[in-house]
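Biologist: I am new to this structure, and I would like to learn how to read it step by step. Could you take me through it, with the general idea first and the case at hand after it?

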Amino acid sequence: MSDVEYLKSQLTAHPDFPKKVESTLGIVFLDIFPILRNPLAFETLITHFLHHLTSHTIAAAPNKKIDVVVGLDARGFLLGPILALRLGAAFVPVRKQGKLPGVCVSATYEKEYGTDSFEMQADAIKPGQTVVVVDDLIATGGSAKAAGELIAKQGGKTLEYLFIIELMFLKGGAKLDAPVYSIVQSDD
Ligand SMILES: O=P(O)(O)OC[C@H]1O[C@H](OP(=O)(O)OP(=O)(O)O)[C@H](O)[C@@H]1O
Ligand SMILES: Nc1ncnc2[nH]cnc12
């Protein structure tokens, strides 16, 4: 079995979740936590991302390195710091509004179920730094687009958006200012 088939086999699907949000009726929620519960699967996931980043993304980067890994609230926080440490890059969180101290830049976005605002600390990225964004899943692309806006506001250059899962039918990648790399593509 390939890495991709193995990781796909670990995901679980939950119809009509989260229950408390009426607009989630008909949405199949894909859960990545079974991967994190299984050390072999988690290691396979991180190694897969690192292999892609070192063989493709860094090779094509203007400064031949990734300066910053940006992780999105909340599940991007589980992946971003590990990738950043292994790459020798900075980790920078993008958080939901009101959670970060100090001066922040903010951007509002629409997601598959509702509206939210994202923030990043205003001095987190320096002009010209190369950045990759990581999250568990891209649906409409609203969250990732808002993160890209925060990076661009600070003069950062987004090289790529990384996800475990891409919901292809929502075409979220088309909203973004850099290519998407996803391990599992889902059509339903
Ligand atoms: O492409 P989009 O339509 O923006 O949707 C994708 C986002 O939705 C989920 O997070 P959610 O906002 O549910 O927050 P959580 O991680 O705090 O549960 C997911 O982890 C992504 O961050
Ligand atoms: N279908 C989905 N599964 C898991 N997380 C999500 N975030 C937005 N849509 C999602």
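**Reading the chain, from a loop to the core**

Modeller: Let us begin with a single residue and its place: Lys-171 lies in the loop between β8 and β9 (180-186). Please keep in mind that this is a predicted model, and that the phi of Lys-171 is near 55 degrees, a positive value in a residue other than glycine.

Biologist: Is Lys-171 buried or exposed, and why?

Modeller: The idea is to count the C-beta atoms around a residue, and Lys-171 counts as exposed because it has 12 C-beta neighbours inside 10 Å. Lys-64, in the loop between α3 and β3, can be read in that way, since with 9 C-beta neighbours inside 10 Å it counts as exposed; its phi, too, is positive and near 55 degrees.

Biologist: Which elements make up the chain, and in what order do they run?

Modeller: One starts with an inventory, which here holds five helices and nine strands, and then follows the order from the N terminus, which is α-β-β-α-α-β-α-β-β-β-β-α-β-β. For the overall form, one compares the radius of gyration with that of a compact globule: for 188 residues the latter would be near 16 Å, and the chain has 16 Å, so the two agree. Along its principal axes the C-alpha trace spans about 40 × 40 × 30 Å.

Biologist: How should I read a helix, and what does α5 show?

Modeller: A general point helps before the case: an α-helix has 3.6 residues a turn, so residues three or four places apart point the same way. In this chain, α5 has 12 residues and reaches 17 Å from its first C-alpha to its last, which is close to the 16 Å expected at 1.5 Å a residue. Nine of those 12 residues are buried, so α5 is largely enclosed by the rest of the structure. The cover over its buried residues includes β3 (68-72), β4 (90-96), β5 (104-111), β6 (114-121), β7 and β8 (157-167). Just after the helix, Gly-155 takes a positive phi of about 85 degrees.

Biologist: Which residues of the largest nonpolar core touch the most other members?

Modeller: A core is read through its contacts, and in this core of 42 residues the ones that touch the most other members are Val-69, Val-70, Val-131, Val-132, Val-133, Ala-147 and Leu-150. Two or more residues each come from α3 (39-60), β3, α4 (80-87), β4, β6, β7, α5 and β8, and the largest share, seven residues, is that of β8. Leaving aside neighbours within four places in sequence, Val-133 has contacts that include Val-70, Leu-72, Ala-144, Ala-147 and Leu-162.

Biologist: Which residues come nearest to ligand 1?

Modeller: For a ligand, one lists the shell around it: there are 17 residues, of which Ala-74, Lys-111, Ala-139, Thr-140 and Ser-143 come nearest. By class, the shell has six nonpolar, five polar and six charged residues, and β7 gives the most to it, with four residues. Ala-74 also deserves a look at its backbone, for the peptide bond that leads to it from Asp-73 is cis, with omega near 5 degrees, and Ala-74 itself is placed in the loop between β3 and α4.

Biologist: Where else should I look for a cis peptide bond?

Modeller: Look at Phe-17 and Pro-18, which are joined by a cis peptide bond with omega of about -5 degrees; Pro-18 lies in the loop between β1 (12-15) and β2 (28-31).

Methods:
Residues are numbered from 1 along each chain as its sequence is written. Chains are lettered from A and ligands numbered from 1 in the order in which they are written. This is a predicted model: local features need pLDDT of at least 70, side-chain atom pairs count only at pLDDT 80 or more; totals for chains, interfaces and linings use all residues. A residue is near a molecule or strand if its C-beta atom, placed from the backbone, lies within 6 Å of it. Ala, Val, Leu, Ile, Met, Phe, Trp, Tyr, Cys and Pro count as nonpolar, Asp, Glu, Lys and Arg as charged, and the others, Gly among them, as polar. The expected span of a helix is 1.5 Å times one less than its number of residues. A residue is buried if 20 or more other C-beta atoms lie within 10 Å of its own, exposed if 12 or fewer, and partly exposed in between; C-beta atoms are placed from the backbone. Two residues are in contact if their C-beta atoms, placed from the backbone, lie within 7 Å. The radius of gyration is taken over C-alpha atoms; the globule rule is 2.2 Å times the number of residues to the power 0.38. A nonpolar core is a set of buried Ala, Val, Leu, Ile, Met, Phe, Trp, Tyr and Cys residues joined through C-beta atoms within 7 Å.
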